[in-house]
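Hi,

Here is the structure I promised to pass on to you. Have a look at it first, and then read my notes below.

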Amino acid sequence: MIACTDLDDYLIGDLPDDRRRQFDVHLLVCPGCREAVHEHERLIALLRAAAESEPIPPGFADRVRSRVRRRRRMRLGALAGTVAAAAAFVWVHNRRLNPPLPDRAADDRAVAVTPAEVRVTFPGSNVLAVREPAASPGMTFVWVYPNLSQELHKSRNRR
Amino acid sequence: VSDRLEEWLPQVYRFARRLTADADAAEDLAQETLLRAWRHRSRLRDQGSARVWLFRIAANLWRDGLRRKRLPTAHAGPVDDVPDSPRPPERCAVGREDLARALAALDRLPPRQRDVLYLLACEGLSIAEIATVLRTSPAAAKASLSVARKKLREQLPDLDPEPDQPGQPR
């Protein structure tokens, strides 16, 4: 049984279709609800017009685009720096494990090189490092894959 | 910015304007919202819910910012501070002053009531969507809406624009 108590749900579009149709009929015989509906419509129309009257600042979209591009470049730069640091770390570590053959000429110059410890941190945890076999014993290549889990997730979804 | 996100820029800005009650802060919040959305765009499974998702990000960012900085909640500026309207809406036969008064009255409501009413009236969101944006229950959103409507009617007793399409509530 439809009644005035359904008015609020009717106004906000929260009545199921069948009850909504029943309330439409109820409006024909209930001046109070009819007036409430008109009042609600007036208020909604006024607020909507008021909100739409507020202008968007000129150039706003361009500023958003350039800010997103800037932030994207910064993130790519940080990632490139991380990869470079990882490569340096692997190279130094490899030099310690596989020192090059003694070079007499270098010995004569008496230059002592102490391998430095390089600490590498990856922003976020979704990074995978894969070692690439290299011909030279003093060189190691590492592929670093950022956000691997997201990529896997996306490819699974595509399938 | 993804085109699908970018198409909601005006709506995000206007919602941010309500949250912050300040044009500069609104632009910052809207930019940060789009930036955050772009960064996490893979989480948006249903493009049809992009607008609700963006509003939710904006509301979360604003709420987190208030919590961190202990800023006062947004309040209405002077009524004559409302900027020029480039295109007066046709559906509502009221003047600029009345529109400014309506906005000022909306902004004077407590934040939760203001946001619920704004999202329903100006964005046409459903109660369930509003509850999602504001991280509340549909019942609580309905209660806030009921109080908000009552307060606004009291504050704007003499504003009486005629809608162009009667018989279609919402």
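A:Asp62 and A:Arg65 sit three residues apart in helix α4 (residues 60-97) of chain A, so they are separated by about one helical turn. Helices here are DSSP runs of H or I with at least four residues, strands are runs of E with at least two, and both are numbered from the N terminus. The two side chains form a salt bridge, with the closest N and O atoms 2.6 Å apart. (For a salt bridge, a side-chain nitrogen of Lys or Arg has to be within 4 Å of a carboxyl oxygen of Asp or Glu.) A:Arg65 counts as partly exposed, at 27% relative accessibility. The cut-offs for that: buried is under 20% relative accessible area, exposed is over 50%, and partly exposed is in between, using a 1.4 Å probe and protein chains only.

Before you go on, keep in mind that this is a predicted model: local features need pLDDT of at least 70, side-chain atom pairs count only at pLDDT 80 or more, and totals for chains, interfaces and linings use all residues. Residues are numbered from 1 along each chain as its sequence is written, chains are lettered from A and ligands numbered from 1 in the order in which they are written, and side-chain values use heavy atoms, with hydrogens and water left out.

Now for chain A as a whole. It has six helices and two strands, and from the N terminus on they run α-α-α-α-α-β-β-α. Of its 159 residues, 26% count as buried.

More on salt bridges

How many salt bridges does the structure hold over all chains? There are 17. One that you should look up is the pair B:Arg149 and A:Asp8, where the closest N and O atoms are 3.4 Å apart. B:Arg149 belongs to helix α8 of chain B and A:Asp8 to helix α1 of chain A, so this pair joins two chains. Are its partners buried or exposed? B:Arg149 is buried, at 6% relative accessibility, while A:Asp8 is partly exposed, with a relative accessible area of 34%.

Another salt bridge is made by the side chains of A:Glu35 and A:Arg42, at 3.2 Å from N to O. Here A:Glu35 is partly exposed at 41%, and A:Arg42 is buried at 16%. There is also a network of salt bridges, which links A:Glu54, B:Arg17, B:Arg18 and B:Asp107.

The start of chain A

A:Asp6 is in the segment before α1 (7-11) of chain A, and it is buried, with a relative accessible area of 11%. Its side chain is joined to that of A:Arg19 by a polar contact of 2.8 Å. (A polar contact is a pair of N or O atoms within 3.5 Å; within protein, one must be able to donate a hydrogen and the other to accept it, and residues adjacent in sequence count only if both atoms are side-chain atoms.)

A little further along, A:Ile12 lies in the loop between α1 and α2 of chain A. A:Ile12 is buried as well, at 3% relative accessibility. Its C-alpha atom is 9.5 Å from that of A:His40, although the two residues are 28 apart along the chain.

Two surface patches

Patches are made of residues with over 30% relative accessible area and no salt bridge; like charges are joined within 9 Å, and nonpolar side chains (Val, Leu, Ile, Met, Phe, Trp, Tyr) within 5 Å. A:Val25, A:Leu28 and A:Val29 form a nonpolar one, with about 340 Å² of accessible area together. (Accessible areas come from the Shrake-Rupley method with a 1.4 Å probe; for residues, only the protein chains shown count as cover.) A:Val29 is in helix α2 (residues 17-29) of chain A and is exposed, at 65%.

On chain B, a positive patch is formed by B:Arg36, B:Arg43, B:Arg68 and B:Lys69. Lys and Arg count as positive and Asp and Glu as negative, while His and the chain ends are not counted; the place of a charge is taken as NZ of Lys, CZ of Arg, CG of Asp or CD of Glu. B:Lys69 is in helix α4 (residues 50-69) of chain B and is exposed, at 58%.

Backbone angles in chain B

Most residues other than glycine have a negative phi. B:Ala21, however, has a positive phi near 55°; B:Ala21 is in the loop between α2 (9-20) and α3 (23-39) of chain B.

Bye for now!
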